[in-house]
Amino acid sequence: MKTSTLPPIPKPPSRIKSYLTFALIVLLLWSSGVKTGADFLKLADGLPNIGRLLGEMVPPDWSYFSKITDAMWETIRMAVAGTTFGAALAIPIALLSARNVARSPFLYYPARFILNLVRTVPDLLLAAVFVAIFGIGPWAGIFALTLFSFGLIAKLTYESVEAIDPGPLEAMTAVGANKLQWIHFGVVPQVTGPFVSYFLYTFEVNVRAAAVLGLVGAGGIGLFYERTLGLLKYDKTSSIILFTLAVVLIIDFITVKVREKWL
Amino acid sequence: MNRTRSRTWLALAVVAAVYVWAFYGLPAASFKETAGEVTGNIVSGLFHPDWDFVYLPDGEDLLRGLLDTLAIAALGTFVSAVIGVPLAFLAASNQFKRKWYSWPGKAALSFLRTFPEIVMALLFIVAVGPGAFAGVLALGLHSVGMLSKLYSESIENMETGAMEALTATGANRIQTIRFAVIPQILPEFLSYTLYRFEINVRSAAILGAIGAGGIGTPLIFALSTRNWDRVGIILLGIIVTVTIIDAISGYLRKKLV
Amino acid sequence: MIKFNNVSKTYANGTRGLNRVNLTIAPGEFVVIVGLSGAGKSTLLRSINRLHEITEGEILVDGKSITAASGEKLRRIRRDIGMIFQNFNLVKRSSVLRNVLSGRVGYHSTMRTLLGLFPKEDVELAHQALRRVNLGEKAYVRADQLSGGQQQRVSIARALAQEAKIILADEPVASLDPLTTRQVMDDLRRINRESGITMVVNLHDVELAREYATRIIGMRVGSVVFDGPAETATDEAFAGIYGSAAESETRDTPMNARIHA
């Protein structure tokens, strides 16, 4: 009986928007392909080259390890120094960027602007600029890592500061603390844990970054990539890669353990 | 109380030892006498950029370099998404009857993540010659490590009810993925892909340092020829481009999830 | 239609999920399975379409052994069995129509379904199925925009679009309020009567079971302890199914059960 009065089947919604988005993405990728001269036939032609390259990389030249240990230590030292300097600089700017500490938009907007600005320039380019300024060597790399760590740690930290429990802050205000006391007793205890965690995370990232800074002359083991590739000593290149992988994995393991145990 | 205190002292001693080791081993910071002058030049270059370099009718200019960089990042991201999606299913533990079947996939991804993209680019230059295409391949392969890990985590955290329902209708494995998995995770996948694109724009900017295309090449050239006004305009160009891309991508990601 | 021959299930840790179950369910029956949670209702139901594996015995669906089938054969048998879940198991971000169409997937080749294209008849069938559960106008709404009761009716429509001969429902109303519970149960009964689709439903609510079932099966610790027409399921019978902890020792000699062969 009621089948005669069934409502009509609704019309499907228009899909023009989806089709347009799809077309736009295809267009973007296609023009990117043209622009970069992407040619997967060239890749297919190059595959034997890659095969030969990988073949020459095995077995790695184990004796080369002793030649690059000093450079590897330098890489880690650079990461330690860069992370530490960056973290020190990050503390004041993180407090200035946090809405609940700085209070005034005239403070936190400029502070965040500086942070965003710093984070736009990739570390290797910073290193190239610092090499031009200070000359070749690890200190150019350390300054690049400092600036990079500063941006990363400050951003993560100010987000944590903004998420803290306002209760202790109000308590500090209530007892009439001045601003520094207020930060010391209200903010610091709440963000120490996350801050140390971000410090260690940034250190992990910096070890990886420091390993390639040598390519622009900013110290560390990266220098040896060009040296060995230029001389077509691919078995030595693979020693560098393996050594770096091993060190990175060990450091990741240690920092993860430290974070699990103490934070 | 006493034990925690001795542990704190031990921790402090270890940290102190690390710092002594780190700073004692570094060469004393000795800078070129010209350091101050060069810094001044670069800063003044930032404020008096070489505007002519923005567009040159015949060849290497800022706009082309930036477009090249964006193209490398876009295509590299696309390549890594295409490789990353199937790998993500191989690395997701809830896609197998036994958990450890996903371990080889997870290990491969963690290897790719640790292998620096710039070293991959060096290897691809040997294979396909210098230029942007080597950069695309390096970014594509390196990004798989992170992208596919994020994908596989969202597969692992997905509600499996719809998969069960599709299996019950008699759908095969591929059909189940197509109808129950993909629609659920697509927005998250797209969001991660955009996020990785933001990172890849930065990565593509450095690839030029080793001859793999993009804006890095003219920057290194300008630095080595001490053309500070040009360094200034290139740095400005990178800052503006990255800021715009981050803003657009951030807006799209907010809309997606 | 569905035949259990001496079916048992033992878990890896030694727990007995099903214990020598023998059952025959005829076409067009509305069977409700009742019992405490953990009594094996869900295992029994899910072994019919082999979402759960059994360890002993055999289950025949329409004369074909689903326990022996694999690959394409298994999927063919599953195609004839619709399933409704406690949590609806819809793809929440997809449209209602798309969810209903997913019931058709088993009828098509992998290539065709990968592209997401369905023949006109399938789309028509899906719309008809939605109308039968009174959700015709919601076809293009995202599934997560619907209320729980509506979502459950979408999953009924999915089973209808699948053109299933049997519908298994695993606690279909456990997440719903009393009012929507009625709507969903009424839909199931109507479909059972109009199309003769065999229903096998797990419920924990005794009153609902009495009201809707043509036949009630009582489960306790993996065994069938009651099996009879709904009218014969007296209060004493239910007491035997649900029993207290002390009585559970006597589970091997069910007092009020009449065992069908």
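This report describes a bent helix, a buried serine, one chain interface and several salt bridges in a predicted model.

## Helix α9 of chain A

Helix α9 of chain A covers residues 179-213, and its end C-alpha atoms lie only 40 Å apart, whereas a straight helix of 35 residues would span 51 Å at 1.5 Å a residue. The helix α9(A) bends by about 55° at A:V188, and a proline, A:P189, follows within four residues. At the N-terminal end of α9(A), A:N178 acts as a cap, with a side-chain oxygen 3.1 Å from the backbone nitrogen of A:L180.

## The surroundings of A:S97

A:S97 belongs to helix α3 of chain A, which comprises residues 64-97, and its relative accessibility of 0% places it in the buried class. Its side chain reaches the backbone oxygen of A:I93 at a distance of 2.8 Å. Beyond its neighbours within four places in sequence, A:S97 is in contact with residues including A:Y108, A:R112, A:Y158 and A:E162.

## The interface of chains C and A

Chain C contributes 7 residues to its contact with chain A, which in turn contributes 8 residues. Between them the two chains bury about 710 Å², of which 64% is on carbon and sulfur atoms. On the side of chain C, the residues C:H127, C:R131 and C:Y140 supply 70% of the area buried against chain A, more than any other three residues. Across this interface of chain C and chain A there are 0 salt bridges, and the count of residue pairs in polar contact, with both residues at pLDDT 80 or more, is likewise 0.

## Salt bridges

Over all chains, the whole structure holds 34 salt bridges. One of them pairs the side chains of B:D68 and A:K35, with an N to O distance of 4.0 Å; because B:D68 lies in helix α3 of chain B (residues 62-90) and A:K35 in helix α1 of chain A (residues 16-36), the pair joins two chains. B:D68 is buried at a relative accessible area of 16%, while A:K35 is partly exposed at 34%.

Within chain A, the closest N and O atoms of the salt bridge between A:R99 and A:E162 are 4.0 Å apart. A:R99 lies in helix α4 and A:E162 in helix α7, so this pair ties together parts that are 63 residues apart in sequence. Both are partly exposed, A:R99 at 41% relative accessibility and A:E162 at 31%.

In chain C, the side chains of C:E72 and C:R76 meet in a salt bridge at 3.7 Å, N to O, and these residues, 4 apart in helix α2 of chain C, are separated by about one helical turn. C:E72 is partly exposed at 44%, as is C:R76 at 43%.

Methods. Residues numbered from 1 in each chain as written. Chains lettered and ligands numbered in written order. Heavy atoms only, no water. Expected span 1.5 Å × (residues − 1). Bend = angle between axes of the 7 residues up to and from the residue. Polar contact = N/O pair within 3.5 Å; in protein donor to acceptor, adjacent residues only side chain to side chain. Buried < 20%, exposed > 50% of the residue type's maximum accessible area, 1.4 Å probe, protein only. Contact = heavy atoms within 4.5 Å. Buried area = accessible area lost by both parts, 1.4 Å probe.
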